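Please open the model in the viewer and keep the sequence panel beside it. The tour below proceeds by selections, each followed by a description of what is found there.

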Amino acid sequence: MIAIFAAVAMHWLVLNDIHLNPYDRRQHVPYAQDTNPWLFHQALEQMHRTDPDARVIVLGGDLLAHHFPALARDARENPYTAARSTVRSIAQQLNAAFPKAQVLLAIGNNDDPCGDYHSETGGPYAADIAAMFEPLVNRGGASPHFVRDYVRGGYYTAMLPNGMRAVVLNSVLWSFVYRGPCQTHGRHAPADEMTWAASELSAGSNVVVMHMPLGFDPQSTTYTHRIVAVPFLSEYYDRRLRAILARDRSHVAFAVVGHTHRYDFRVPGGVPMLVASSLSPVYRNSPAFYELDVDERGLRDVVPFTFDRSESGWTREPSFDALYGTSAFDAAQLAQLHDRISSDPAVRERWIEAYDAWSWRVGDVSDHRWQTFACAQTAFGKAYGACAGTTKRSYVALVALVIAVIGVLLAVFTTLRLRRRR
């Protein structure tokens, strides 16, 4: 007799890019600014109403508000002291709302009070944050070496309730604008982490969590008028990580990232990657969090919750499957969805509306530049430039630069000749 066991789903919650500004005491959503304590409290309450027994909560990085050091100094506080207090408040409130949930904490580029795109390795601040989150991350002994590993470089592993393992990465170390640590010397930290990731992802069934996606930043690329394709990670580390994911795709069920403050997906190295938007409405997106349906096979569906357009409360948006007619969040169906976005205007319109979490305050993706954004889903490396149309524009920009340099040199040469004649 053969026993057939159905896959048992569990619910996870994802709360990305909180960007908490503890100095904003207003009692409403601060659109075009970072999260205030009132909005954070509203989010936790709704998350608890949505699923009080959530098994896993993903915090995808950027706990601190943008320009946090300046905010603290304006309030006559030491940035490190203020940051410790802010992060401690987040950890305590989260633990009070979900005393049994396992938390996966990733480091973002705004998580070091030293400044943006700094990331501490081995310093006292990292040790303090690790101590605050250890009871939440190491729930039930899920990550016994969390403190040691987090302090070392912000990356670690944790066993998950569904038998998988979380591999939490510090993608800030690989950013193309990474500015290093402030309190310690971490010159070898990016390379050390990549070696560690290659080893950890080579076995088992893993879920990858990190702050920054792989590939290109379509929003920043549009700011350059597509003259330059702007990456998230340095070219070397982006290529290395994609190669590792491609090699070990059978060992990676899915990945969860943030950073963009937008709702989308990517398929780097054949791995399905959820890009979950932010709680912070600083870029005029609707504040959001996400409920994931996860089983031992991977990610089955994604349900967004947004603070609605009338500011009267939270709205349960259509699930990923309901919105796009998929049956699972896997690489094959995401690749097909990308093709449908490119070819079917109706599907594209639904994707455009969901991209900034159904906000009516901003429209990142428009009919005339949607390819810049859609190409980032499946095109990486040089393929992105060809897909998004930045390659030809780069040639034009290069020619213009050469002409400008020649013009400057001719002007300098002419000026020198006139001076000599005089």
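Select P22 to begin. In this predicted model, P22 is buried, since its relative accessible area of 16% falls under the 20% limit for that class. The residue belongs to the loop that runs between β1 and α1 (37–50). Display its surroundings: apart from residues up to four places away in sequence, P22 touches P37, F68 and T86. Then add D34, which lies 12 residues from P22 along the chain; the two C-alpha atoms are separated by 9.8 Å.

Move next to R76, in the loop between α2 (68–74) and α3 (79–97). Is R76 buried or exposed? R76 is exposed, with a relative accessible area of 81%. Its backbone also deserves inspection: phi of R76 is positive, near 60 degrees, in a residue other than glycine.

**The sheet that contains β1**

Select residues 10–15, which form strand β1, together with residues 288–295, which form strand β10. These two strands pair in the antiparallel sense, over 5 bridges. For one position in this pairing, label L13 and E291: the latter, in β10, is the bridge partner of the former.

Now extend the selection to the whole sheet. It is an open sheet of 6 strands with mixed pairing, and the order across it is β3-β2-β1-β10-β11-β12. Which strands are at its edges? They are β3 (102–105) and β12 (314–316), each of which pairs on one side only. If the sheet is viewed along its strands, note that neighbours are turned against each other by 25 degrees on average, direction ignored.

Add residues 124–137, helix α4, to the view. This helix packs on the sheet, where it touches β2 (56–59) and β3. The direction of α4 makes about 140 degrees with that of β3.

**The sheet that contains β4**

Turn to the other group of strands, in the order β4-β5-β6-β7-β9-β8. They make up an open sheet of 6 strands, again with mixed pairing. Here β4 (156–159) and β8 are the edge strands; each has a single partner strand, so one side of each is left without a neighbour in the sheet. The average turn between neighbouring strands of this sheet is 20 degrees, direction ignored.

Focus on the β4 edge. Strand β5 (residues 165–168) runs antiparallel to β4, and 4 bridges join the two. Label Y156 and V168 to see one such pair: V168, in β5, is the bridge partner of Y156.

At the other edge, select P272, found in the loop between β8 and β9 (273–275). P272 is buried, with a relative accessible area of 5%. Setting aside neighbours within four places in sequence, its contacts are A253, F254, A255, R266, F329, D330, A331 and L334. Of these, A253 illustrates how the chain comes back to this loop: it is 19 residues from P272 in sequence, while the C-alpha atoms are 7.6 Å apart.

**Helices α11 and α12**

Select α11 (residues 345–355) and α12 (residues 370–378). Their axes lie 12 Å apart and the helices pack at an angle of about 85 degrees; the two are therefore roughly perpendicular to each other. Show side chains for the contact: α11 contributes R348, W351 and Y355, whereas α12 contributes W370, F373, A374 and Q377. By class, these residues comprise 5 nonpolar, 1 polar and 1 charged.

Keep α11 selected and color its buried residues, namely V347, R348, W351, I352, A354 and Y355. Besides α12, they pack against α7 (218–223), β8 (264–266), α9 (320–324) and α10 (331–343).

Inspect both ends of this helix. At its start, a side-chain oxygen of D344 comes to within 2.9 Å of the backbone nitrogen of A346. After its end comes A357, whose phi is positive, near 60 degrees.

The last stop is W358, in the loop between α11 and α12. W358 is not a glycine, yet it has a positive phi of about 60 degrees. The residue is buried, with a relative accessible area of 6%.

Note on methods
Residues numbered from 1 in each chain as written. Predicted model: local features only at pLDDT ≥ 70, side-chain atom pairs only at ≥ 80, totals over all residues. Heavy atoms only, no water. Pairing = 2+ DSSP bridges. Axes fitted to C-alpha atoms, helices over the stretch in contact; angles between N-to-C directions. Contact = heavy atoms within 4.5 Å. Parallel < 35°, antiparallel > 145°, perpendicular 65-115°, else oblique. Nonpolar A, V, L, I, M, F, W, Y, C, P; charged D, E, K, R; others polar. Buried < 20%, exposed > 50% of the residue type's maximum accessible area, 1.4 Å probe, protein only. Polar contact = N/O pair within 3.5 Å; in protein donor to acceptor, adjacent residues only side chain to side chain.
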